[in-house]
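Work through the exercises below with the sequence and the model open. Each task is followed by a solution in steps.

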Amino acid sequence: MGERRFEPVGPLRGEYLPPADKSISHRAALLAAMADEPVVIRNYLDAADTRSTLTALERLGAGIERRGDELVVRGVGLRGALETTGGLLDVGNSGTLMRMLPGWLAGQAGRRWTIDGDASIRRRPVDRIAEPLGRMGAQIAAREGRYPPFTVTGAQLRGIEYDLPVASAQVKSCVLLAGLLAEGVTEVSEPVPSRDHTERLLVRAGVPFERRGRRLRVCPVDALELEPIAVPGDPSSAAFVIAAALLVPGSRIVVRGVGLNWTRCGFLAIAERMGAVIVGSREPEGSFAPEEPVGELDVAAAPLEGTTVAPEEVPLAIDELPLVALLGAFADGDTVVRGAEELRIKESDRISAVCENLRALGAEIEELPDGFVVHGTGAPLRGGVVDARGDHRLAMLGAIAGLASQAGVVVRGIDAAAVSYPGFVDDLARLTAASA
Ligand code: S3P
């Protein structure tokens, strides 16, 4: 487990190109593997999670070829995974892969796979996909009825109407993918909007798909057809660097090539409400276009004030809520996040991990069952030690806290950042080098 110290630095300056979007990379590879013709993916994320996806797809018979910065995926067709022998699929640390892949496998009648992953994955529930897939006719048998390892036994599926009990893009995507192989229509309703990358890609793949408010309908198809997919920069990875630029006085960076899909921009809206200066147009709320919007953001450090995050903002900023806590710790006044109990079942229990780690750095923060309240004083955190608990986003949170702190932060387990952002430490070093 790598340990690294992040010292207080001078301002972040310059242009910043975030790594490729993790969510879109997983989906692009998965849909490409379900297509009949080869699909070109540009700017596919090269990180531990998205490598797990490629390895799993290769086991299912897909061909993966790297050509410069392009990936060519030779798919097996929608029902092609039937030709494989079944067996064990290792998802590593990836919850998205673990919950989306079974949507496809569930429709491969008569085949069975076992899905497993690392220690963190084994604590993450799969009953949320077992329930709808079971209703569609597949069988999912999980450890203690809930956790990996679990087996997926495929069947001829039937379409269902499904009201998602939680706003989860992973579960929504799983049911929509299964709907491609089901008899009849599959309808999914979400309680509040969550990231919609799967829906956009389905439209691009020629799938009969309809979206009316929060109700989504998909019809079965014989084949998917996909033009080359260009993966934009990841707004969730960029959020760490943006937070650093907001917190380190005098910073000003220009973020280029970042995805600005409105279902991923919750953090920017929350930060702006706190006083952040972020210039750049984003996709209007409620938009739905097949192409992912990409653009530029100009970010400058500013004094921050506390805010209250509304429940419907939670899914739009779910992976950035630890950063909202960090901003809150430097802000003046209280920052309140409620309705975010989903954070407890991420790569770590992110409510307790964020509270314990930020408290260790000098923050005043109260843990709630479904969120936290940070009592900010407007002064920088003291510093100390952050334990990443094997969670990539906690590792990066600790590093950003260190750059903005008074006395520096040691991050235990910084290697975890490579799950989504292998170039993280180098990018920070480059952006702070000008002022070193
Ligand atoms: C993701 C959805 C979110 C998010 C995760 C990626 C996705 O999870 O936290 O990092 O790519 O669909 P949930 O669907 O469980 O909310």
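**Exercise 1: the open sheet**

Task: find the bridge partner of R211 in β15, then describe the sheet around this pair.

Solution. In β15, R211 has L216 as its bridge partner. Strands here are DSSP runs of E with at least two residues, helices are runs of H or I with at least four, and both are numbered from the N terminus. The model is predicted, with local features needing pLDDT of at least 70 and side-chain atom pairs pLDDT 80 or more, while totals for chains, interfaces and linings use all residues. Residues are numbered from 1 along each chain as its sequence is written, and side-chain values use heavy atoms, leaving out hydrogens and water.

Next, take the strands together. β14 and β15 (residues 215-218) run antiparallel and are joined by four bridges; two strands pair if DSSP finds at least two bridges between them. The open sheet has four strands in the order β11-β13-β15-β14, with mixed pairing. β11 (161-163) and β14 (209-212) each have a single partner strand, so one side of each is left without a neighbour in the sheet. From one strand to the next, the twist averages 15°.

Last, add the helix. α4 (residues 127-136) packs on the sheet and touches β11 and β13 (186-189). Its direction makes about 160° with that of β11, where axes are lines fitted to C-alpha atoms, for helices over the stretch in contact, and angles run from 0 to 180 degrees between N-to-C directions.

**Exercise 2: the cores**

Task: state which helix gives the most to the largest nonpolar core.

Solution. A nonpolar core is a set of buried Ala, Val, Leu, Ile, Met, Phe, Trp, Tyr and Cys residues joined through side-chain atoms within 4.5 Å; buried means under 20% relative accessible area (1.4 Å probe, protein chains only). The largest such core has 77 residues, and I242, F267, L326, L358 and F424 have the most contacts inside it. Helix α7 (residues 235-247) gives the most, with ten residues. A second, separate core of 72 residues includes I41, L97, M136 and V218.

**Exercise 3: the two domains**

Task: describe how domain 1 and domain 2 meet.

Solution. Domain 1 covers 3-19 + 233-433 and domain 2 covers 22-218, with bounds from an automatic or database domain assignment. In contact (heavy atoms within 4.5 Å) are 31 residues of domain 1 and 28 residues of domain 2.

Terms used. Buried < 20%, exposed > 50% of the residue type's maximum accessible area, 1.4 Å probe, protein only.
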